[in-house]
Amino acid sequence: MLVAEKQQTPIMATINLDNLKALSDKHPKPDAIVFSYGTAGVRTKANLLDSVMFRLGILAALRSKKLDGKVIGCMVTASHNPAEDNGLKLIDPLGEMLEGSWETHATALANAPSNEHLIDYIHSMVSSLKIDLTKPAHVVFARDTRPSGEALVAAFADGLKVLDAKETDYSILTTPQLHYIVRCLNTAGTPEAYGEPTADGYYQKLAAAFKILVEGKTKLSPLVLDCANGVGAPKFKEFLPYLGDSLAVQLVNDDTDNASKLNLNAGADFVKTQQRAPVGLKLAPQERYASFDGDADRLVYYYQDDDGTFKLLDGDKIAGLSAMYIIDLVKAAGIDSISVGVVQTAYANGASTQYLRNNLNVPVSCVPTGVKHLHHEALKYDVGVYFEANGHGTILFSPSALKTIHSAEGSSPAQAVAIRSLRALSEVINQTVGDAFSDLLLVETILTQRQWTPKIWDQAYTDLPNRLVKVVVKDRSIFKTVDAERKLVEPAGLQEAIDAIVLKFRDGRSFVRPSGTEDVVRVYAEAATRPETDELAFRIGGLVFDYNSNGSGTRPREFI
């Protein structure tokens, strides 16, 4: 059907196509650029994103209409990427990631080569998904501190105008704050009401729960918090008055006036990948340090041992600490009916998996890389703990678990205290998405209640040395995985060759998976010692190079 004819169909009757074309002309798609919407949304150089923002504004409005006017969110951020990058990710009504099937629509709209193709695709979406364009639409959005954010938000708002969607601009927020607000807006007035849909409501909810959890406990020494020179800095400063004297924090790397400093030699991603403290931060032995990433949805802890050794407490360590605490609380509360489980990816350190299974006797699931996979699997438990090694994660309480916790009556003072702590714990945790603020309060709760130093926490288990190697290949699509990305089925014979090499190393483990965004293959390896780990990583990397069917690529020369 020709575009001119579509203007006359009932399906498109409520869209002013002349207005759509005029607005689209303000935001032309750059030539020869292919965009992809994945788990992290779209992320690239900020100067390439104008057309994507406009088109995904249209998509967000369509999503809201499809869901009978439910509020959809859009966060403009590039997380731990450099300051010159930006991106966006859409948020579904309960604060979760955009439904997977709509990622395909987002990619198609972003890549439509002309106004005519854009209109064609909108028409096909409205028709195939049976979207009633007469329904209302409401979309909320926010951005981090990147200078490019304001113009990109304006382009997104132009997309909303195409479908006359109601818009609410929350200005500058952390990513988890907007996820929280979206859920609050969509659950208001229901039995599942999540809270007040404002930053103030967010601060009040978390602070009130934290104060209950640490009430009567001896305060720990001040925590030194690296904010990655990102949005976590101004927002945590806003948060501190709500916490009062319940938590002592010293902020560093909190300069958001100089955009070039964002994530530069600082932040959770830097600390995790470099295995070192942020540049310029001098560590004192046995003190606690933590780092946010650029949009405050990742958190890692670290400390310096007495001999000067840097010690990282990453997402695996946070998961172990959290699972231990919750299991103990459930037992202390006398609630035997609640099951606790942990969800990991293949990148989780093997020692952490052994600790969870053997020491805590907790079930552990392994899923493919990506928050949406972890979140979905965690929903299968009464209490599902999920963290990626990079520090992104949260804890999910099922409706039945919450009902049990809130209806429980302790038969002793000790049980009553444990039940009260469980209730507060479910409030201090942001169940919509990984949240560095919320996760920090979780860790501080446990350390305060136990009166633990970071070294005592770290002694739960010792990480196996590990390496991640990148091998550049001609075509990553020839590498096919199964078993949560831990086994290769193609190229034929490669997995058997990997297995044969791994058997030669003490505590050896290695897997190979193609990148989702670039023509590289990532090789993860761990073994009993650092030299063995390095040798295993490079031997497997060499295998990957040799099995590259096109006979070209780059042998691994450096770690990432």
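This is a tour of one sheet and two helices in a predicted model.

**The sheet**

Start by selecting the strands β11 to β14. They form an open sheet of four strands with mixed pairing, in the order β12-β11-β13-β14. Its edges are β12, at 364-366, and β14, at 393-397, and each of these pairs on one side only. Averaged over the sheet, and with direction ignored, neighbouring strands are turned by 20° against each other.

Next, show residues 340-344 and 383-387. These are strands β11 and β13, which run parallel and are joined by four bridges. To find a point of register, pick V342, which stands opposite V385 in β13.

Now add residues 350-359. This is helix α12, which lies across β11 and β12. With respect to β11, α12 runs at about 165°.

**Helix α8**

Move to residues 199-214, the 16 residues of helix α8. From first C-alpha to last, α8 reaches 23 Å, close to the 22 Å expected at 1.5 Å a residue. Just after the helix, select G216, whose phi is positive, near 80°.

Colour α8 by burial. The buried residues include the aromatic side chains Y202, Y203 and F210, together with K205, L206 and L213. A199, G201, A207, A209 and V214 are buried as well.

What covers these residues? Display α7 (175-187), α9 (232-243), α11 (315-333), α15 (413-428) and α16 (436-450), which are included in the cover over the buried part of α8.

Keep α8 and α15 and hide the rest. The two helices pack at an angle of about 150°, and their axes are 8 Å apart. Angles over 145 degrees count as roughly antiparallel, so α8 is roughly antiparallel to α15. The crossing of α8 past α15 is left-handed.

For the contact itself, show side chains on both helices:

- On α8, select K205, L206, A209, F210, I212 and L213.
- On α15, select R420, S421, A424, L425, E427 and V428, which the α8 set meets.

Of the α8 set, K205, L206, A209, F210 and L213 are also among the buried residues of that helix.

**Helix α3**

Finish at residues 50-66, which make up helix α3. This helix has 17 residues and reaches 25 Å between its first and last C-alpha, close to the expected 24 Å. How many of its 17 residues are buried? The count is 15, and α3 is mostly covered. Beyond its end, select D68, which follows α3 and has a positive phi, near 60°.

Notes: Residues numbered from 1 in each chain as written. Predicted model: local features only at pLDDT ≥ 70, side-chain atom pairs only at ≥ 80, totals over all residues. Heavy atoms only, no water. Pairing = 2+ DSSP bridges. Axes fitted to C-alpha atoms, helices over the stretch in contact; angles between N-to-C directions. Contact = heavy atoms within 4.5 Å. Expected span 1.5 Å × (residues − 1). Buried < 20%, exposed > 50% of the residue type's maximum accessible area, 1.4 Å probe, protein only. Parallel < 35°, antiparallel > 145°, perpendicular 65-115°, else oblique. Left-handed = near helix turned anticlockwise from the far one by under 90°.
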